[in-house]
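Visitor: Please show me the model and explain the labels attached to its residues.

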Amino acid sequence: MDGILPLWKPKGFTSHDCVYKVRKLFGTKKVGHTGTLDPDAEGVLPICIGKATKIVSFLTDTKKVYRAELQLGIATTTEDASGEIIAQKTVSNFPTEDEINTVFAKFTGEIEQIPPMYSAVKVKGKKLYEYARNNETVERPIRRVEIYELVLLSPPDQTNHTLTFRVSCSKGTYIRTLCVDIGKELEYPSHMSLLIREATGAFSHKNAVTFATIEEAVKRKQETELLYPIQAGLPHLDQYFVDQETAKKVFHGQKLPRIMNVKTDPFIMMHKNEALAIYKIHPDQPEYIKPVRVFSR
């Protein structure tokens with residue numbers, strides 16, 4: 001029971017709720033998610049099962065695509081619709097599409113963010129939301145993230161004071177914070193009123209499955225058919241195919257002579273259609289490669 005389950009997380013579930021439910025459905029404890037998605041949000045949440053749990057950190061590193069809605073005029077404690085209102089301003093002069101696009105351009109590329117207080121970022125060994133719940137203040141670290149694309153999806157809704165946009169971004173990007181910062185540029189308090197993760201890495205809404213689909217597959221004993229192979233979650237890494245003899249060495253985690261015709265570091269060692277391990281150039285002996293993860297049988 002090894003592979004990646006491209007789950008469509010429903011609203012109201014935490015990422016940990018999803019892991020717990022998948023463990024029960026698949027009858028295994030070796031389950032991990034690949035990047036927290038807020039309870040109020042829905043969308044693609046790849047779940048790693050069995051040997052695939054060894055690539056969780058690599059999947060977390062992949063590009064994410066979101067559809068989000070920003071509401072002008074109201075700021076909240078959590079930067080989304082679930083928080084308490086902390087600031088309000090009448091939207092008397094709704095920005096034009098040109099003004100919105102000009103602001104969007106400022107947030108495209110590498111930007112700095114200060115993570116929200118209601119987040120799992122750790123400061124001095126304690127999660128920020130723990131400080132927030134105790135009404136404590138703490139200096140939050142500035143993080144650098146990258147916005148690859150930021151586009152308005154439809155004409156702004158002037159009645160509800162909302163903007164709907166799609167954003168493609170690097171790991172660690174807080175869309176809630178992006179909404180708040182865009183609002184500041186438009187000179188209004190704001191918050192994120194809707195969030196849908198449309199894609200993470202190679203997985204999108206097109207191949208994601210719901211819990212209803214999974215439960216039906218379990219009844220038919222076909223749940224393994226929903227799993228994607230480990231390499232499907234690593235499209236950003238090169239693949240190098242080895243023979244049977246080398247495959248044995250890879251499974252034993254042996255250091256090997258450096259392979260020159262791979263474009264990424266690390267990369268995947270493959271035998272036939274099976275991912276054997278992730279290797280990288282040896283940091284102390286650059287003429288060799290060493291294993292980062294071995295997917296032993």
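The turns below take up burial, salt bridges, cores and backbone angles in this predicted model.

Visitor: Why is Arg176 called buried?

Guide: The relative accessibility of Arg176 is 5%. Buried means under 20%, so Arg176 counts as buried.

Visitor: What makes Asp38 and Arg176 a salt bridge?

Guide: The closest N and O atoms of Asp38 and Arg176 are 3.3 Å apart. The cut-off is 4 Å between a side-chain nitrogen of Lys or Arg and a carboxyl oxygen of Asp or Glu, so the pair qualifies. Asp38 sits in the loop between strand S2 (31-33) and strand S3 (42-49), and Arg176 in helix H5, so this salt bridge ties together parts 138 residues apart in sequence.

Visitor: What makes Lys171 and Asp61 a salt bridge?

Guide: The N to O distance between the side chains of Lys171 and Asp61 is 2.9 Å, and the limit is 4 Å. Lys171 is in the loop between S11 and H5, while Asp61 is in the loop between helix H2 (56-60) and S4, so the pair joins parts 110 residues apart in sequence.

Visitor: Why are Lys171 and Asp61 called partly exposed?

Guide: Lys171 has 44% relative accessibility, and Asp61 has a relative accessible area of 42%. Partly exposed covers what lies between under 20% and over 50%, so the label applies to Lys171 and to Asp61.

Visitor: How do you know that Glu185 and Lys106 form a salt bridge, and where do they lie?

Guide: Their closest N and O atoms are 3.1 Å apart, with 4 Å as the limit. Glu185 belongs to helix H5 and Lys106 to helix H3, and the two residues are 79 apart. At 38% relative accessible area Glu185 is partly exposed, whereas Lys106, at 53%, is exposed, the threshold being over 50%.

Visitor: How many salt bridges does this rule give, and which residues are linked in a network?

Guide: The count comes to 11 salt bridges. Arg67, Arg166 and Glu198 are linked in a network of salt bridges.

Visitor: Which residues touch the most other members of the largest nonpolar core?

Guide: They are Leu150, Phe165, Val167, Ile175, Leu178 and Ile182, in a core of 29 residues. Two or more residues of this core come from each of strand S4 (64-72), helix H3 (97-106), S10, strand S11 (162-169), helix H5 (175-185) and strand S12 (190-200). A second, separate core has 19 residues, including Ile4, Ile196, Phe203 and Leu237.

Visitor: Which residues is Ile182 in contact with, apart from neighbours within four places in sequence?

Guide: Ile182 contacts Leu70, Val103, Phe104, Phe107 and Leu150. Contact here requires heavy atoms within 4.5 Å.

Visitor: What is the phi of Lys124, and why is Lys124 called exposed?

Guide: Phi of Lys124 is near 55 degrees, a positive value in a residue other than glycine. Lys124 lies in the loop between strand S8 (122-123) and strand S9 (126-127). Its relative accessibility is 78%, and exposed means over 50%, so Lys124 counts as exposed.

Visitor: Where is Asn135, and what is its phi?

Guide: Asn135 is in the loop between helix H4 (128-133) and strand S10 (143-152). Phi of Asn135 is near 55 degrees, a positive value in a residue other than glycine. With a relative accessible area of 72%, Asn135 is exposed.

Visitor: Which form does the peptide bond from Asp265 to Pro266 take, cis or trans?

Guide: That bond is cis, with omega near 15 degrees. Pro266 lies in the loop between strand S15 (256-257) and strand S16 (267-271).

Notes: Residues numbered from 1 in each chain as written. Predicted model: local features only at pLDDT ≥ 70, side-chain atom pairs only at ≥ 80, totals over all residues. Heavy atoms only, no water. Helix = DSSP H or I, 4+ residues; strand = E, 2+ residues; numbered from the N terminus. Buried < 20%, exposed > 50% of the residue type's maximum accessible area, 1.4 Å probe, protein only. Core = buried A, V, L, I, M, F, W, Y, C linked by side-chain atoms within 4.5 Å.
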